[in-house]
Each structure stands twice: as structure tokens, then as C-alpha cells.
Amino acid sequence: MSVQARLDALGITLPPLAVPAAAYVPFVRTGKLVFVSGHIARKEGKPWVGQLGLTMSTDEGKAAARAIAIDLLGTLQAAVGDLDKVKRIVKVMSLVNSTPTYTEQHLVTNGASQLFVDVFGAERGAHARSAFGVAQIPLGACVEIELIAEVQ
């Protein structure tokens with residue numbers, strides 16, 4: 001099954017490539033790797049603001065991470081033209097805006113990780129990963145995620 005068919009089955013429409021908000025590019029392709037810049041969580045077109053362990057639950061954070069994964073896929077598609085050219089999601093790094101005592105950053109990040117497996121299958125979508133709790137993310141967003149993908 002093609003990646004687009006899986007996205008259609010999941011009811012997902014990928015967004016267009018977003019314009020960077022500062023002095024960086026949305027992605028860099030070098031050799032067979034694509035490095036996708038960090039994307040913050042957005043809800044209804046605005047930064048999804050909140051702090052895990054204070055104003056947001058783990059399930060809300062997981063939904064935010066899933067929304068970021070969809071945005072990341074839109075950027076990755078812009079980078080390669082066709083997501084079927086993605087050989088593997090190699091690495092995901094997740095920053096979770098959380099209180100000092102919050103310890104479920106890994107569960108929040110599963111919102112993105114699971115979507116990559118659902119879209120690409122276990123062989124291509126499973127990836128290495130880091131999930132960090134941080135004191136703050138730009139614009140007060142609850143989660144920021146970046147990824148590295150191997151492409152044809």
C-alpha cells in the first residue's frame with residue numbers, strides 16, 4: 001500500500017510547506033538523508049500553548065505530538081516530492097514543555113512515533129528516538145519535534 005493510500009485511510013491531508021519564522025530552512029537534504037527542522041505543535045493554526053504536568057495532560061500532549069508528525073510529513077513530502085521515496089524514518093527528537101516533576105515525555109512523543117509507524121509500516125516507520133523535558137519552547141508551544149529520514 002502506498003504512503004498516500006495509508007494517509008487517505010487515516011483521513012490525513014498533509015499541509016503545505018510552512019514558511020520558516022526565523023533564519024533557518026525547513027529541511028536540509030544531504031546525500032540520502034533529509035534533516036527536517038523542528039516543528040512546534042499547532043492547533044487551529046496557532047501555537048498549541050501549554051505545559052505538560054501543569055496545564056496539559058499526557059493525552060493532550062500525545063495529540064499535539066501527532067499533529068506535529070502530520071506537519072513534519074508535509075515538510076518531508078516537500079523535500080522529496082513523494083513520501084514513497086522515504087526508505088526509513090531514522091531519528092526523532094522531541095522536546096516537551098513540562099514541569100520539573102513531569103516524567104511522561106516518552107508517552108507524549110509516542111503520538112508522533114505511532115503515526116510514523118501507521119503511515120510507513122513498522123519496517124520503515126520505526127525509528128531511534130529521544131524525548132526531553134524542557135523548561136520552555138518558542139511561543140510557549142507544548143511540544144516541538146524534528147526528524148531525520150533516509151530517502152532514495
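This report describes the fold, core, surface and selected residues of a predicted model.

## Overall fold

The protein chain contains 4 helices and 7 strands. Read from the N terminus, the order of these elements is α-β-β-β-β-α-β-α-α-β-β. The radius of gyration is 15 Å, close to the 15 Å that the globule rule gives for 152 residues, so the chain is as compact as a globular protein of that length. Along the principal axes, the C-alpha trace extends over about 40 × 35 × 25 Å.

Contacts across the sequence are a marked feature of the chain: among contacts with a separation of 6 or more, 81% join residues 24 or more positions apart. Of the 152 residues, 43% count as buried. The exposed area of the protein chain is about 7600 Å², and carbon and sulfur atoms supply 56% of that area.

## Nonpolar core

The largest nonpolar core comprises 38 residues, and the members that touch the most others are Leu 73, Leu 76, Leu 83, Val 86 and Phe 116. At least two residues of this core come from each of helix 1 (3–9), strand 2 (33–40), helix 2 (58–80), strand 5 (86–97), helix 3 (105–120) and strand 7 (143–151). Helix 2 provides the largest share, with 10 residues.

Phe 116 illustrates how parts of the chain meet. Apart from neighbours within four places in sequence, Phe 116 is in contact with Ala 69, Leu 72, Leu 73, Ile 89, Val 92, Gly 121, Gly 125, His 127 and Leu 147. One of these partners, Leu 73, is itself among the core residues that touch the most other members.

## Salt bridge

Side chains of opposite charge can pair when their charged atoms come close. In this model the count comes to 1 salt bridge. The pair consists of Lys 87 and Glu 150, whose closest N and O atoms are 3.7 Å apart. Distant parts of the chain are linked by this pair, since Lys 87 belongs to strand 5 and Glu 150 to strand 7, with their positions 63 residues apart.

Both partners fall between the limits for buried (under 20%) and exposed (over 50%). Lys 87 has a relative accessible area of 38% and is therefore partly exposed, and Glu 150, at 25%, also counts as partly exposed.

## Nonpolar surface patch

A nonpolar patch of about 350 Å² lies on the surface and is made by Val 25, Val 28, Leu 33, Phe 35 and Val 90. Val 28 is located in strand 1 (residues 27–30). With a relative accessible area of 44%, Val 28 is partly exposed; residues must have over 30% relative accessible area to be part of a patch, so a partly exposed residue can qualify.

## Loop residues with positive phi

Most residues other than glycine have a negative phi. Glu 44 is not a glycine, yet has a positive phi of about 55°. Glu 44 sits in the loop between strand 3 (42–43) and strand 4 (46–47). The relative accessible area of Glu 44 is 78%, which means that this residue is exposed.

Leu 139, a residue other than glycine, also has a positive phi, near 65°. Leu 139 is placed in the loop between strand 6 (128–134) and strand 7. At 60% relative accessibility, Leu 139 counts as exposed.

Definitions and conventions:
Residues numbered from 1 in each chain as written. Predicted model: local features only at pLDDT ≥ 70, side-chain atom pairs only at ≥ 80, totals over all residues. Heavy atoms only, no water. Patch = residues over 30% accessible without salt bridge, like charges linked within 9 Å, V, L, I, M, F, W, Y side chains within 5 Å. Areas by Shrake-Rupley, 256 points an atom, 1.4 Å probe, with all protein chains shown as cover. Salt bridge = Lys/Arg side-chain N within 4 Å of Asp/Glu carboxyl O. Buried < 20%, exposed > 50% of the residue type's maximum accessible area, 1.4 Å probe, protein only. Rg over C-alpha atoms; globule rule 2.2 N^0.38 Å. Contact = heavy atoms within 4.5 Å. Core = buried A, V, L, I, M, F, W, Y, C linked by side-chain atoms within 4.5 Å.
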